[in-house]
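Trainee: I am new to this structure and would like to learn how to read it. Could you walk me through some of its features?

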Amino acid sequence: METVNHVFDLIVIGCGAAGIGAAIKFQKLLPTAHLLVLEARDRIGGRAFTDTKTFGESAPVDLGARWLCHNQPDNLVRAYYVLSDGDRIDTDIYGTSTMAIFDEDGTPISEDLIKQVKTIAEKLFSNIKQYPHDMPDVSMLDAIHKQHIKIDNEKMQRLLDMWLSFTENHEASDLAELSAKCYAKGDGDLENCYLEIAGGFGSFIKQIAEQHKLPIKLNTVVTHIDTSTQFDGLIHVATQDGCYYLCKYVLVTVPLGCLKACSIDFTPPLPQWKQEAIDKMGFGLHNKVYLQFSSVFWDQELTKISVATNRFKFYFCIPEARIVVLHIVGSVAYELEHLRDEEIVEQVVNSLRIIYPLMTDPIKWLVTRWGSDPFSGGSYSNFQVGNNNETLKKLARETHDGRVHWAGEHTNYDGTIGYVDSAFESGHREAILICKKLRQPKTMLWKNIDNSTIIVFILLTIFSLSPNILFYGIPIELPALINQLPEGWSLPAIFNLISQGAIISLIIIFLLRHLTKSNSYETITIIITLLISVITFITLGLFWHKTTIINNISHSTYFLLFSFIIYICDYSGSVLFLTYFDRYVSIMMRAYFLGDGVSSAALAILGFVQDSEKTQCIPIIIGNKTVLTEQASSLVFSVRIYFFILSFIMFCSLISFLILSITKIGQDESNKNDESIKLINISDDQIDEQHSQINNKLYFLAMFWSCFITYGFLPGLQTYALVPYSHDIYQKTIISIEISYLLVQIFCAIYSNITIERYPNLVHIFNIIGTILIIYIFIIAKMSPCPPFIDSILLGGLISGLIYIIINGLSHIAYILLNIYFHKVSGEKGLFWSSVKVKCGIASGAIINYMLTVHFQLFKERFPCHDYVCS
Ligand SMILES: Cc1cc2nc3c(=O)[nH]c(=O)nc-3n(C[C@H](O)[C@H](O)[C@H](O)COP(=O)(O)OP(=O)(O)OC[C@H]3O[C@@H](n4cnc5c(N)ncnc54)[C@H](O)[C@@H]3O)c2cc1C
């Protein structure tokens, strides 16, 4: 057997309306998920297929579905269609206005008799509708038997039978088989607004699929679906050509006829309730005989010809193509399936000739045989006696631990059945359910963890050291650099602006993501990002102090340039690193936050040990004056060593990632399916998409604002707010923030029950508190060099530092909660957009801060050893 070496998130079996509807919705909800549609035929569309070969392009004919039967704006299929000139809309498809009705001997039936029979038929249908619910189900024919036999006029009875056959035509089965209790439940009600699509319904369905560029494999007959444990929690889908495919979920959309014929084997076998529902549900037969003549022999105005006979009753006319289409259903259709085309055509022509004796023989014909078609096994489902909506629910309910899903027109329990739009809707329904499952937090019990999982967890933790090093590695060193680089106290604001300019790298990631339409670009981009950052930290260590003179002013060009590169890596990494975790079970998400916490602690330790330069005011005598000048203490280890250490951490991160992406152990873990995903009850678990979209917008805004104030605006502001209280307090505060991050990670791990779902307003409250505190910090910075408590360095510094730490702590909690939420509701896509909002927030905050600080010079610097007179 040949394996397709890939694990798909979802494999859809069958590319008819249901498969197409499901694939479109799935792709829309989870664009980066791996999807594959397997289709047995050499074409798509299933029972919606337009033939353009037999009678030529100018006379397309639909072998299956012809009318878009619910031509209303809320129809999911209709929503894709733009009306064109040749389309026909018919609100009264079985009305008599353009229909000629003949008796079996070819004589036209009088208007009067038609009216009388129509009234009787309506009464009979209304009787069926009122069939008591507490009585055992019977066939529609049995339900009207008493009234039916009362009609003793033979001609009238023939006409009445023809009239009742409109329903048979609609349901593709004889009245003797159809359930009285479920009459009109599958939309047997004939009053619909029909849209006849000029180019053919099948062509339109094909067009929808093509527009969405669905990943479809034709000529692939699925023969076996195996969900047994031997495939590590994955589903094994075998095909007739000897290939097999692995996936997390399967959606079976093959027609009910194929299921009845057991054309796909299941391991373990289908549960009894499913098999019973398949066997019990009705699946009718509806065939068409297209006859093309050399000239039109019927009245050009006619659209339909009906005959009160027990065989060929309904003809539809297409005068512009000189075609007459006979619709045959139920027992007559079954009887004819086994005859040769010529024999069928002869019978049809003979019966038509009774009405039109002068008609010539047809020049071309086309006969459908949906019953003997191995990929349909009939035409469409209906409620055979003894079935009801419960049967549909069983046909729709997932099997095999919730991993095998079911769609198709025969499963549309909360709408109509038997139509193209029914199939499409059912596909949407299942795609939403499957996406929801794929987005579920992938929980896994600690006790289930094996050695390979632990190794991968450790590797992921080391890999996760990188985001924080990229984001905070340089800012932690800023206090040491301020005294040594020419920008002095403007350095944080300039650095912030330049580094956040790296947001442009997001455009590259957007493009890669858009062009590849999958996450295949991820691995290589992460490797390149990590490699560049390792090299850049080494280069920073070597050249950070080099300056260049521009317009007679000395600039830290090297430092700013390499910082910019580091932030390019940071921006690229920010939308790649976190989303990368989506491919692992949920416990691995914790590795990300652990890595983040560990790197925060590492940076804090480095900062403390290095103990960045403190300035002392030394009195020196110049002439007869004593002046205080700054003298900086030396660092425990140099800035160069500091950057080399960061480079080493990034190197470890890179190696871990390489092991994860190259070795089998890393790959296997990323493919692992969550065993503990709970079964979702169909009836009460539909996603309220609109609601979640509104919430998402609000939470994305919350994420943006939190990052705007905390990581974008605050860092530049802090120098003016904290420096009046000493350089030392500034440095200790920055280091304390890193410790606060670690504490926040521990807090979130311990109190994992604090979630957005439980406390939907928590992040908004944090944002409000953060905003108020920032205003306070702003006031302190603005009042520098004479902020409140300036004389009480300890108290003033403590308040400012504490506030700074609180803002960061709250924002970090919000960051973690929001990311977990986005992952839950929108999976990889949610994490991606969350990361984009984070970075946009930071960049905007930094730009505003730069404008206020450097451009508008809103804040004044306070230099050590100066005497400030504050009243
Ligand atoms: C004669 C006729 C007239 C109709 N008229 C109308 C109409 O006017 N309006 C309307 O709305 N509906 C009409 N219908 C019904 C409509 O065509 C169907 O309800 C709808 O197309 C069903 O879509 P589906 O996706 O459920 O199934 P299908 O369209 O049958 O799709 C299932 C797909 O699964 C594939 N498949 C089967 N077995 C396998 C396998 N083992 N491996 C891989 N693939 C497999 C099939 O090839 C097929 O492409 C008509 C149908 C017929 C037959």
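Mentor: Gladly! Keep in mind that this is a predicted model. Let us begin with a strand: β12 and strand β21 (residues 404-406) pair in the parallel sense over three bridges. One pair to look for is V250 with its bridge partner in β21, V404.

Trainee: Which sense does the pairing of strand β11 and β12 have, antiparallel or parallel?

Mentor: Strand β11 (residues 235-239) pairs with β12 in the antiparallel sense, over four bridges. Here V237 has Y245 of β12 as its bridge partner. The hairpin of β11 and β12 has three residues between the strands, and G242 there takes a positive phi near 90 degrees.

Trainee: How many residues of strand β12 are buried?

Mentor: In general, side chains in a regular strand alternate between the two faces of the sheet. As for β12 (residues 243-252), ten of its ten residues are buried, and the strand is mostly covered.

Trainee: What is the strand order in the open sheet of three strands?

Mentor: The order is β5-β8-β6, and the pairing is antiparallel. β5 (67-68) and β6 (88-90) are at the edges with a single partner strand each, so each has one side without a neighbour in the sheet. Between β6 and strand β8 (residues 194-196) there are three bridges, and R88 stands opposite E196 in β8.

Trainee: Why is helix α15 largely enclosed by the rest of the structure?

Mentor: A general idea helps with helices: an α-helix has 3.6 residues a turn, so residues three or four places apart point the same way. In helix α15 (residues 491-500), eight of the ten residues are buried, so the rest of the structure largely encloses the helix. Among the buried residues are L491, I494 and F495.

Trainee: Now the ligand. How many residues surround it, and which are the closest?

Mentor: The ligand is surrounded by 40 residues, the closest being A18, E39, R47, W67 and V420. By kind, the shell divides into 23 nonpolar, eleven polar and six charged residues.

Trainee: Which atoms of the ligand lie 3.0 Å from R41 and 2.6 Å from W67?

Mentor: For R41, a polar side-chain atom lies 3.0 Å from an oxygen atom of the ligand. A ligand nitrogen atom is 3.1 Å from a polar backbone atom of A40, and a backbone N or O atom of W67 lies 2.6 Å from a nitrogen atom of the ligand. The ligand has 990 Å² of accessible area on its own, and the protein covers 98% of that. The elements giving two or more residues to the shell are α1 (17-29), β15 (286-292) and α12 (420-439).

Definitions and conventions:
Residues numbered from 1 in each chain as written. Predicted model: local features only at pLDDT ≥ 70, side-chain atom pairs only at ≥ 80, totals over all residues. Heavy atoms only, no water. Buried < 20%, exposed > 50% of the residue type's maximum accessible area, 1.4 Å probe, protein only. Pairing = 2+ DSSP bridges. Near = heavy atom within 4 Å. Polar contact = N/O pair within 3.5 Å; in protein donor to acceptor, adjacent residues only side chain to side chain. Areas by Shrake-Rupley, 256 points an atom, 1.4 Å probe, with all protein chains shown as cover. Nonpolar A, V, L, I, M, F, W, Y, C, P; charged D, E, K, R; others polar.
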